[in-house]
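This briefing goes through one protein chain, topic by topic. Please keep the sequence and the model side by side while reading.

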Amino acid sequence: VIDLGMCDPGMTAYPSEGGFRGWSGGFRDRFHVATDSATPGYVHGPMPAGEWNVILGLYKVPAAGAEVTVTVELDNGERPTNPQPERTFPVRAGAGWYRGDLHCHTFHSDAAGSPETLHKAALQAGLDFLAIADHNTITQRRYFHPASSPELVFVRGMEVTTAVGHANVYGVDEWIDFRMTRPSDAHVLAEMVHRKGGLLSINHDKPTIPWDYEFPAADCQEVWQSTWMAWNWVSLARWQERLASGLRISAIGGSDFHQPAKLQPEGPLVLARPTTVLWLPELSEDAVLAAMKAGRGYVTEGPKGPHLEITVNGQPMGSAVTAPLHCEAIVRGARGDLLQWIDARGTITEQEISSGDWRGELALLDGAEKFVRAEIIAKASRPWLIEEFTKAASERGELPWQLKGSHLTDEPIRRAISNPIYIDQD
């Protein structure tokens with residue numbers, strides 16, 4: 001697999017602040033760049049004089065090497081110079097719980113479907129916000145900047161994609177240099193993102209593309225990607241280990257859905273599986289980013305998945321409190337399943353969810369170790385969840401990459417995962 005991209009004379013050695021003119025990875029074998037238009041994934045606009053470069057990414061090359069031919073055609077015909085679309089700032093008034101998917105793709109990287117089709121999929125799923133994180137490019141914003149509205153707010157995203165780890169960047173308009181070559185470059189990445197006012201999230205830290213760089217100053221971690229059966233117990237365990245070590249990292253989820261050319265019906269292997277649910281004072285991109293960073297929410301199996309809200313001493317998820325601790329949980333849509341309370345040492349206790357609209361309490365007079373969080377574990381729902389997944393996988397035929405080699409195990413099936421509430425020492 002030889003990846004493909006282009007840069008103009010503004011590109012410098014890593015980390016570069018500019019010069020990016022496009023990336024399509026191994027998805028395309030040709031592209032065009034002009035003043036008025038460009039192939040999806042590539043940047044149109046002014047064409048500065050100087051040395052341009054084709055970027056070849058040597059992703060998978062046999063030991064004997066590979067022969068690559070690059071053909072360049074130039075056209076000096078008259079063309080207008082079209083501007084990039086301006087960002088819009090839609091707001092939906094009203095505090096409450098809002099649902100979104102924080103990881104999906106269009107044909108601006110390696111999906112077959114258009115931004116318009118993905119937009120329809122998000123409306124079909126009943127989402128309030130959506131982050132489109134195409135691989136190593138930001139050109140999807142040609143559509144999503146003007147299309148963002150109070151009905152569906154689009155959050156700026158880009159997936160920094162390398163052979164040994166992926167990470168999502170949120171809330172940054174500029175392209176972020178993805179040409180990482182050393183384990184320590186993860187810290188360079190975090191510095192770039194934070195300097196530009198964005199958030200950094202580590203993606204799907206599990207087979208088959210775990211995070212193999214040094215662990216940077218990440219704001220979030222994608223603890224749940226695609227269906228739960230896609231090895232998500234591995235990324236959840238790694239998040240738990242990082243929390244237990246003293247790091248404070250918000251949990252988010254994303255489907256990593258690669259939009260097909262046609263709109264798909266609802267099911268366990270489509271957009272918003274899982275769904276990230278955030279408490280927001282209003283629906284806006286700024287409010288979504290602030291809640292992601294603060295950990296003001298939870299991840300659930302889908303747009304209609306169980307609701308999981310916890311407080312400790314009356315404080316919401318993402319807060320910090322001191323002992324003694326009075327923990328409360330509000331759970332809806334998980335009757336017959338189990339609620340587990342967890343701290344840095346592991347499971348504190350387990351409670352049965354006895355009704356469809358359930359409240360649970362837990363008193364910890366001696367406190368907990370570093371944090372308290374909760375998970376909904378499938379018990380009554382486990383047989384039909386496995387049946388639903390098996391049926392969808394059979395109908396699909398070719399499974400997405402993160403499910404290849406996956407198998408049903410005795411691992412607990414999580415239906416929802418809360419963010420922690422942290423324990424401060426007196």
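Among what covers the buried residues of helix H6 is strand S22 (414-418). The model is a predicted one. The points below start with that helix, move to the strands packed around it in the text, and end with the domains and some backbone details.

**Helix H6**

- Helix H6 runs over residues 382-396, which makes 15 residues.
- From first to last C-alpha, H6 reaches 21 Å, close to the 21 Å expected at 1.5 Å a residue.
- Leu385, Phe389, Ala392 and Ala393 are the buried residues of H6.
- These buried residues lie on the same side of H6, because they cover an arc of only 100 degrees around the axis.
- In general, an α-helix has 3.6 residues a turn, so residues three or four places apart point the same way.
- Exposed residues are found on the other side of H6: Pro383, Glu387, Lys391, Ser394 and Glu395.

**Strand S21 and its partners**

- Strand S21 covers residues 371-377, and seven of its seven residues are buried.
- In a regular strand, side chains alternate between the two faces of the sheet.
- On one side of S21, Phe371, Arg373, Glu375 and Ile377 are buried.
- On the other side of S21, Val372, Ala374 and Ile376 are buried, which leaves both faces covered.
- Strand S18 (residues 338-343) pairs with S21 in the antiparallel sense over five bridges; here Ile342 has Arg373 of S21 as its bridge partner.
- S22, the strand named above for H6, pairs with S21 in the antiparallel sense over three bridges; Arg414 in S22 is the bridge partner of Ile377.
- Strand S23 (residues 421-423) also pairs with S21 in the antiparallel sense, over two bridges; Ile421 in S23 is the bridge partner of Val372.

**Sheet S15-S17-S20**

- Three strands form an open sheet in the order S15-S17-S20, with antiparallel pairing.
- Strand S15 (307-312) and strand S20 (357-364) have a single partner strand each, so one side of each is left without a neighbour in the sheet.
- From one strand to the next, the twist in this sheet averages 15 degrees.
- S15 and strand S17 (residues 325-332) pair in the antiparallel sense over six bridges.
- Leu308 has Val331 in S17 as its bridge partner.

**Sheet S2-S1-S3**

- A further open sheet of three strands has the order S2-S1-S3, and its pairing is antiparallel.
- Its edge strands are S2 (20-25) and S3 (53-58), each of which pairs on one side only.
- Neighbouring strands of this sheet are turned by 20 degrees against each other on average, direction ignored.
- Strand S1 (residues 2-7) pairs with S2 over four bridges in the antiparallel sense.
- Within this pair, Leu4 stands opposite Gly25 in S2.

**Domains**

- The protein chain is divided into domain 1 (1-83), domain 2 (86-303) and domain 3 (306-425).
- The centres of domain 1 and domain 2, taken over C-alpha atoms, are separated by 25 Å.
- The contact between them takes 20 residues from domain 1 and 23 residues from domain 2.

**Backbone details**

- Most residues other than glycine have a negative phi, and most peptide bonds are trans.
- The peptide bond from Pro207 to Thr208 is cis, with omega near 10 degrees.
- Thr208 lies in the loop between strand S9 (199-202) and strand S10 (220-225).
- His204 is also found in the loop between S9 and S10.
- Phi of His204 is near 25 degrees, a positive value in a residue other than glycine.
- His204 counts as buried because its relative accessibility is 1%, the cut-off being under 20%.
- Arg273 and Pro274 are joined by a cis peptide bond with omega of about 10 degrees.
- Pro274 lies in the loop between strand S12 (257-258) and strand S13 (275-283).
- Asn136, a residue other than glycine, has a positive phi, near 60 degrees.
- The loop that holds Asn136 lies between strand S6 (129-132) and helix H2 (141-147).
- Asn136 has a relative accessibility of 1% and therefore counts as buried.

Technical notes: Residues numbered from 1 in each chain as written. Predicted model: local features only at pLDDT ≥ 70, side-chain atom pairs only at ≥ 80, totals over all residues. Heavy atoms only, no water. Pairing = 2+ DSSP bridges. Axes fitted to C-alpha atoms, helices over the stretch in contact; angles between N-to-C directions. Expected span 1.5 Å × (residues − 1). Buried < 20%, exposed > 50% of the residue type's maximum accessible area, 1.4 Å probe, protein only. Arc of directions from axis to C-beta. Contact = heavy atoms within 4.5 Å. Domains from an automatic or database assignment.
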